[in-house]
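Here is a walk through one protein model, written for someone who would rather look at side chains than at scores. Have the viewer open and follow along.

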Amino acid sequence: MSDTNQMQDNWAEMVEQMNDAVADSMEQNMKAQAAFVESWADAVEDSLPKEDELAEGLQGYNQAYEEWMNAAEQMVERSADAAQGEDVDPSEFRDIWLQSANEAFKHVMGTSAFAAANGQLVESMMEMQQEADELNQDAIAQMGFPTRDDMDEVAERLLEVERRQHAVEEKLDRVLEHLEE
C-alpha cells in the first residue's frame, strides 16, 4: 500500500514540476515577446515607413505571431502528453520556444521596414555619439586640456617636421657623398 502512495506522490510531484516548468516557460516567453515587441516598436516609433514597407512589416509581425501561437499549441500538446504518462523531456519545452523565437525574429527582422527602422536607429545613434563627442571636446577645452583637434594638429606638425628632417638628411648625405669624391 505504501508503494502505491509513494508512486502517487512521485507522480504528483513530477506533474507539479512539469506544470511549474510550463508556467515558467510561458512566462519567460511572454516577457521575451513583450520585450521584443517593445524594442521593435521603439525602433520604428520615430519613422513613418513607406506603405509597402509598413505592409511588409505587418506581414512579418503576423508571421512571427503565428510562430508564437504554434509554439504555444506545441507546449499544450506536449504537456497533455506528459499528463497522460508519456516521458517528456523538459528540454523539449525550451527547444520549442527557442526554435519559435528564432523563426519569429527571422520573420520580423527580414522585412524592409525593420531594415529601414534599424538604419534610422543607427543613424540617430551616430548623431547622438557625435553630439556627445563634441560636448566632451568642449568640456576638455574649457578645462584647459588639449582637445582631439589640438592633438591632431600637433601630430600633423610633427609628421611635417619628420618629413622635412628626412629631406634634409637626404640632401646632407648627397653633399657628403660629393665631398668624399
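Let's begin with Asp81, which is partly exposed because its relative accessible area is 21%; buried means under 20% relative accessible area, exposed over 50%, and partly exposed in between, using a 1.4 Å probe and protein chains only. Asp81 sits in helix 2; helices here are DSSP runs (H or I, at least four residues), strands are E runs of at least two, and both are numbered from the N terminus. Setting aside residues up to four places away in sequence, Asp81 touches Glu86 and Val88, where contact means heavy atoms within 4.5 Å. Far from that spot is Val154: its C-alpha atom and that of Asp81 are separated by 74 Å, with the two positions 73 residues apart along the chain.

A word on the ground rules. This is a predicted model, so local features need pLDDT of at least 70 and side-chain atom pairs count only at pLDDT 80 or more, while totals for chains, interfaces and linings use all residues. Residues are numbered from 1 along each chain as its sequence is written, and side-chain values use heavy atoms, with hydrogens and water left out.

How confident is the predictor? The mean pLDDT of the protein is 81, and 92% of its residues reach 70 or more; pLDDT is the predictor's confidence in each residue, from 0 to 100. Among the elements, helix 1 (residues 2-45) has the lowest mean pLDDT, 75, and helix 5 (residues 148-180) has the highest, 93. Where pLDDT is low, the predicted coordinates should not be read in detail.

Back in helix 2, look at Arg78. What does its side chain make a polar contact with? One partner is the side chain of Asp81, at 2.8 Å. A polar contact is a pair of N or O atoms within 3.5 Å; within protein, one must be able to donate a hydrogen and the other to accept it, and residues adjacent in sequence count only if both atoms are side-chain atoms. The side chain of Glu92 is joined to that of Arg78 by another polar contact, of 2.9 Å. Arg78 counts as buried, because its relative accessibility is 16%. Beyond four places in sequence, Arg78 touches Glu86, Val88, Glu92, Phe93 and Ile96.

Ala82 also belongs to helix 2 and is buried, at 7% relative accessibility. Leaving out neighbours within four places, Ala82 is in contact with Trp11, Met18 and Val88. Trp11 itself is found in helix 1 and is partly exposed at 36% relative accessible area. Its contacts, with the same four-place exclusion, are Ala82, Ala83 and Gly85. The C-alpha atoms of Trp11 and Ala83 are separated by 9.6 Å, although the two residues are 72 apart along the chain.

Next, the rings. The structure holds one aromatic pair. Trp68 and Trp97 form it, and it is tilted, with 6.1 Å centre to centre and 35 degrees between the planes. It links distant parts of the chain: Trp68 in helix 2 (residues 51-83) and Trp97 in helix 3 (residues 91-109), 29 residues apart. For the cut-offs, rings of Phe, Tyr and Trp (its six-membered ring) pair if their centres lie within 6.5 Å; planes under 30 degrees apart count as stacked, over 60 as edge-to-face and the rest as tilted. Trp68 is buried at 5% relative accessible area, and Trp97 is buried at 9%.

Helix 4 (residues 112-142) has 31 residues and reaches 45 Å from its first C-alpha to its last, close to the 45 Å expected at 1.5 Å a residue; the expected span is 1.5 Å times one less than the number of residues. Its buried residues are Ala113, Phe114, Ala117 and Gln137. Just after helix 4, Gly144 takes a positive phi of about 90 degrees.

Two residues in the loop between helix 4 and helix 5 can be set side by side; the contacts leave out residues up to four places away in sequence.

| Residue | Relative accessible area | Contacts |
|---|---|---|
| Phe145 | 53%, exposed | Ile140 and Asp150 |
| Thr147 | 11%, buried | Gln137, Ile140 and Ala141 |

Finally, the record: UniProt, in an unreviewed entry, places a "coiled-coil region" at residues 118-171. UniProt positions are given in the numbering used here, feature names are shortened, and annotations may be inferred rather than shown by experiment. In the model, that span is 91% helix and 0% strand, and its end C-alpha atoms lie 57 Å apart.
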